[in-house]
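Reader: I have a structure open in front of me, and I would like to understand the words people use for it. Could you help me with a few of them?

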Amino acid sequence: MDLKLKLVHLALMVLFLAHLGESQNATFDITKYGANSNADISEAVLNAFKEACASTSPSTIVIPKGTFQMNQVKLEGPCKGPIELQIQATLKAPSDPNQLKTGEWLTVNNLDGFTMSGGGILDGQGKAAWECKESKKCNKLPNNLSFNSLTNSIIKDITTLDSKSFHVNVNQCKNLTFLHFNVSAPAGSPNTDGIHISRSTSVNVTDSNFATGDDCISIGDETEQLYITKVTCGPGHGISVGSLGGNPDEKPVVGVFVKNCTFISTDNGVRIKTWPASHPGVVSDVHFEDIIVQNVSNPIVIDQVYCPAGKCNKDLPSQVKISKVTFQNIKGTSRTQDAVSLLCSKGTPCEGVEVGDIDITYSGKEGPAKSSCDNIKPSLKGKQNPAVCTAAASPAAAPAASSSS
């Protein structure tokens with residue numbers, strides 16, 4: 001066989017293998033499992049997942065365009081191959097919170113190489129649940145999404161709407177990315193954190209938008225190497241490390257990087273919060289850089305006397321140690337005078353905090369923007385507007401407490 005024929009043969013083999021690979025990438029459309037727009041599709045999703053999970057080659061579960069009702073679903077691994085859940089549809093949870101058991105609406109557990117995509121919407125229909133919670137007739141309400149023990153996974157091009165509680169809970173995950181992820185709920189919706197992350201390593205949230213009634217992103221204990229970039233937050237309570245110290249044996253939060261983010265009309269901007277009279281804990285290597293704030297009530301916050309309901313013993317200090325924190329290149333406008341509030345614990349004062357290139361203005365009748373500092377001696381670099389932790393700064397005063405976490 002001459003060289004030309006060998007090359008032709010090789011090209012045909014490559015095409016054949018490529019086609020074979022494509023043919024082995026199995027697709028499981030839930031409409032083939034009895035799903036239709038007039039009934040709950042939970043069973044169809046579970047049956048499609050069961051077959052996809054048994055496949056040794058990559059497989060895709062498709063929820064096609066349309067509007068479907070879905071009750072609680074738990075997708076439980078491990079599986080034999082990578083799985084993509086492609087949600088093209090609008091999925092609607094039962095509006096009555098009593099129709100859902102406590103916990104989560106859609107749960108994905110113990111998978112490696114999982115993808116959620118498709119441009120779809122998960123509508124938690126939370127209004128009735130929020131009213132129930134406000135009247136104190138409901139206890140724990142379900143989150144829209146829960147991801148537990150996922151590795152090497154990506155959640156992209158998905159919107160979560162009006163969750164009854166947290167939109168997303170991330171627990172014990174490693175190498176998990178949120179890309180083009182959108183959260184939408186009214187400013188007054190209680191406890192609707194966009195993403196809550198804890199006990200996880202190497203989580204990335206990028207190119208995403210959060211509008212909600214609580215923290216856009218909240219960070220719990222044992223979180224390491226979290227990267228939040230190109231995120232827009234508002235309305236909401238900002239991006240918060242904590243609250244921490246409320247439970248015994250919390251493990252350290254180490255390595256949080258928030259960069260190139262924008263906050264619009266939020267209650268807070270970037271924040272670290274711990275309870276007074278707390279259990280011991282550690283927050284270290286946390287960096288807020290290149291941040292824009294627009295009409296934000298409390299743009300820069302360390303609050304170690306966090307007590308939103310007023311039922312804490314503020315006479316006893318927080319035992320959470322905060323160190324190696326930077327606030328760098330944060331600019332924009334504050335809705336209140338309290339542009340910078342660094343209130344550290346008298347029991348474990350903050351150490352290694354650097355504040356550089358701050359330019360936040362306030363134009364209200366009370367006067368210019370101000371800073372408040374307690375139990376902290378930060379290193380100051382570049383521009384400081386307002387003056388931070390100097391004689392020109394105002395005495396310590398707690399930032400305005402919000403009605404929820």
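Reader: How do you know which classes of residue line the largest pocket?
Author: Each lining residue is sorted by its type, and in this predicted model the lining has 15 polar, 9 nonpolar and 7 charged residues. Gly counts as polar in this scheme, so Gly242, one of the residues nearest the pocket's centre, goes into the polar class.

Reader: What makes a residue part of that lining?
Author: A residue qualifies if it has an atom within 4 Å of a pocket point. For the largest pocket, 31 residues line it, and His196, Gly242, Ser243, Asn247 and Trp275 lie nearest its centre. Two or more lining residues come from each of strand 12 (168–171), strand 14 (195–198), strand 16 (217–219) and strand 18 (239–244).

Reader: Which strand gives the most to the lining?
Author: That is strand 18, with 3 residues. The pocket itself has a volume of about 550 Å³.

Reader: Why is the protein called as compact as a globular protein of its length?
Author: Happy to set the values side by side! The protein has 3 helices and 27 strands. Its radius of gyration is 24 Å, and the globule rule gives 22 Å for 405 residues; the two are close, so the protein is called as compact as a globular protein of that length.

Reader: What share of the residues is buried?
Author: Buried means under 20% relative accessible area, and 49% of the 405 residues are buried. As for the outside, the protein exposes about 17,600 Å², with carbon and sulfur atoms supplying 51% of that area.

Notes:
Residues numbered from 1 in each chain as written. Predicted model: local features only at pLDDT ≥ 70, side-chain atom pairs only at ≥ 80, totals over all residues. Heavy atoms only, no water. 1 Å grid on protein atoms, 1.4 Å probe; cavity = no way out; pocket = protein on both sides within 12 Å on 5 of 7 lines; lining within 4 Å. Points joined across faces, edges and corners; volume = space filled by probe spheres on them. Helix = DSSP H or I, 4+ residues; strand = E, 2+ residues; numbered from the N terminus. Rg over C-alpha atoms; globule rule 2.2 N^0.38 Å. Buried < 20%, exposed > 50% of the residue type's maximum accessible area, 1.4 Å probe, protein only. Areas by Shrake-Rupley, 256 points an atom, 1.4 Å probe, with all protein chains shown as cover.
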